[in-house]
Structures are given as C-alpha cells and as structure tokens.
Amino acid sequence: RTLSIGIFLCNRTNDEIFKYSDLCASYTNNSPVSRGGSIFAASSISKILNRSNLEKAFLSSLVAITKYSRDKCFLELLEKIKWSLENYKKVKNSEAKKFLGTGSSIMQTLPLSIFICLQATSFNNGVLTAANSFREDRRKEKSRMSQFGWTEQLLECVGGNTDGIGAICGCFLGGLYGLNKIPARYKKVENYSKIIKMCSRYFHN
C-alpha cells in the first residue's frame with residue numbers, strides 16, 4: 001500500500017513521501033524494519049516514475065533512508081538491499097533466492113524483489129520470475145519447518161510469498177516500462193477502465 005503513496009506523491013519532495021509512507025505503514029506495522037522498508041519502496045517508485053533507472057532509484061533511496069533507524073533488523077535489511085545492488089550482475093537468481101529467502105517477511109521479500117527487478121529484461125520476464133519464487137519443501141526444509149507453527153512458517157520458510165514478490169516487482173517494473181509495455185493479459189482486472197480514468201484524472205490535475 002505504501003507503493004501507492006510513492007506513485008501519487010511522485011512529484012512531491014522526499015520529505016513528504018517519507019512522512020506519508022511512514023504514516024501509512026504505521027497503521028499495521030510498528031517495527032522500524034517494516035516501516036523503513038515501506039518508506040524505501042515508496043521512495044524508489046517515485047524516483048522510477050521520475051525517469052531514474054532502477055539501480056539509481058534503489059541506491060538513492062537506500063542512501064536517503066540509512067539514518068531512519070538504528071534498529072538491528074532494519075540495518076540488516078539495508079545490508080540485504082545493498083547485497084542485491086552489488087550482486088545482481090554476477091549472482092544467479094536461484095542462488096539469490098537461497099541467500100535472501102522468499103518468505104513473507106520484508107527482510108526477504110523486499111531485497112529479493114529488488115534483485116529480480118535489476119536482473120529483469122522486460123516486465124513479463126521480471127514478474128514471472130518473481131511469481132515463481134516458490135517455497136521448496138525438500139526433506140531438510142520440511143524437518144526445519146516442523147518446529148514452527150503455521151504463522152511462524154510463513155515468516156521462516158525458504159519460499160512462499162510469490163504474490164507479494166510479484167506485486168512489488170510488478171509495481172517497480174510497471175513504473176519503469178510504462179503501461180503500454182505491460183502485456184494485455186495482466187490488464188484483465190475488474191474495473192480496469194475506471195481505475196485508468198481515475199489515475200489519469202489525478203495526474204492531469
């Protein structure tokens with residue numbers, strides 16, 4: 001939801017984007033890592049819409065948010081984002097999934113989304129790669145998961161958040177390539193025309 005803040009406030013200052021995306025995230029997340037990651041995402045999409053390339057947008061947002069918190073988990077998230085920026089040209093997607101994880105935690109979802117976007121050759125390529133970041137229940141993983149309850153498994157599993165990773169990648173890559181580069185099959189959503197008209201009216205005003 002904070003990605004929407006970055007989209008709607010893309011012509012505003014960084015301070016405004018930070019303020020309102022933090023406020024938006026605070027309604028359901030009180031941890032510095034969740035709120036800080038949400039601000040990073042909103043900041044990144046706003047820069048992408050203002051014609052920054054992906055690497056520049058992510059790096060700029062990373063620098064801007066560095067002082068948001070000294071929380072241990074937040075600092076770990078920053079390190080994972082930095083790893084994605086430094087390694088997307090030399091590390092395979094399969095290796096990145098194992099290293100970063102593909103679970104529901106923002107600690108896994110956001111860095112992997114960034115990595116996939118940076119490697120993507122098109123909107124379709126990136127979104128499909130993200131959607132196929134599935135959980136792999138091999139014997140060792142099943143054994144490890146057996147110690148957790150259902151809720152904990154969502155956070156600790158090697159993979160599983162395919163919809164979240166796909167949605168984040170879709171937003172970043174959609175902003176980069178534009179509406180016309182998104183395949184028609186992805187535009188078959190309820191009230192599509194109304195959504196387009198509403199967004200066009202907002203931006204033209």
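What follows is a short conversation about reading helix H6, two pockets and some aromatic rings in a predicted model.

Colleague: Let's start with H6. Which of its residues are buried?

Modeller: In H6, which spans residues 93-100, the buried ones are Asn-93, Ala-96, Lys-97 and Leu-100. They sit on the same side of the helix, because the arc they cover around the axis is only 100 degrees.

Colleague: And what covers the buried residues of H6?

Modeller: The cover includes three helices: H5 (72-87), H7 (106-119) and H8 (123-131). While you're there, look just past the end of H6, where Gly-101 has a positive phi of about 85 degrees.

Colleague: On to the pockets. How do I read the largest pocket, and which residues are closest to its centre?

Modeller: Begin with the volume, then go to the lining. The space in the largest pocket is about 1100 Å³. It is lined by 31 residues, and Ile-7, Leu-179, Ile-182, Ile-196 and Cys-199 are the closest to the centre.

Colleague: Which helices supply at least two residues of that lining?

Modeller: H1 (2-8), H3 (32-49), H8, H11 (162-177) and H12 (192-204) each do. H11 has the largest share, with eight residues. By class, the lining of the largest pocket divides into 21 nonpolar, seven polar and three charged residues.

Colleague: What about the second largest pocket: how many residues line it?

Modeller: There are 17 lining residues, and those nearest the centre are Arg-1, Asn-29, Ser-38, Ile-106 and Ile-168. Its volume is about 460 Å³. H1, H3 and H7 each bring at least two residues to this lining, and H3 gives the most, with four. Here the classes come out as six nonpolar, 10 polar and one charged.

Colleague: Last topic, the rings. What describes a pair of aromatic rings?

Modeller: The general idea is that you quote the distance of the centres and the angle of the planes. This structure holds six aromatic pairs. One of them is Phe-40 with Phe-58, a stacked pair at 6.2 Å centre to centre, with 20 degrees between the planes. Phe-40 belongs to helix H3 and Phe-58 to helix H4 (residues 54-65), so the pair ties together parts 18 residues apart in sequence.

Colleague: Is Phe-40 buried or exposed?

Modeller: Phe-40 is buried, because its relative accessible area is 1%, under the 20% cut-off. Phe-58 also counts as buried, at 0% relative accessibility.

Colleague: Which residues do the ring pairs link into a cluster?

Modeller: Phe-40, Phe-58 and Phe-172 are linked into a cluster by ring pairs.

Note on methods. Residues are numbered from 1 along each chain as its sequence is written. This is a predicted model: local features need pLDDT of at least 70, side-chain atom pairs count only at pLDDT 80 or more; totals for chains, interfaces and linings use all residues. Side-chain values use heavy atoms; hydrogens and water are left out. Buried means under 20% relative accessible area, exposed over 50%, partly exposed in between (1.4 Å probe, protein chains only). The arc is that of the directions from the helix axis to the C-beta atoms. Contact means heavy atoms within 4.5 Å. On a 1 Å grid over the protein atoms alone, a cavity is a set of points where a 1.4 Å probe fits but cannot get out, and a pocket is an open set with protein on both sides within 12 Å along at least five of seven lines; lining residues have an atom within 4 Å of a point. Grid points are joined across faces, edges and corners, and a volume is the space filled by probe spheres set on the points. Ala, Val, Leu, Ile, Met, Phe, Trp, Tyr, Cys and Pro count as nonpolar, Asp, Glu, Lys and Arg as charged, and the others, Gly among them, as polar. Rings of Phe, Tyr and Trp (its six-membered ring) pair if their centres lie within 6.5 Å; planes under 30 degrees apart count as stacked, over 60 as edge-to-face and the rest as tilted.
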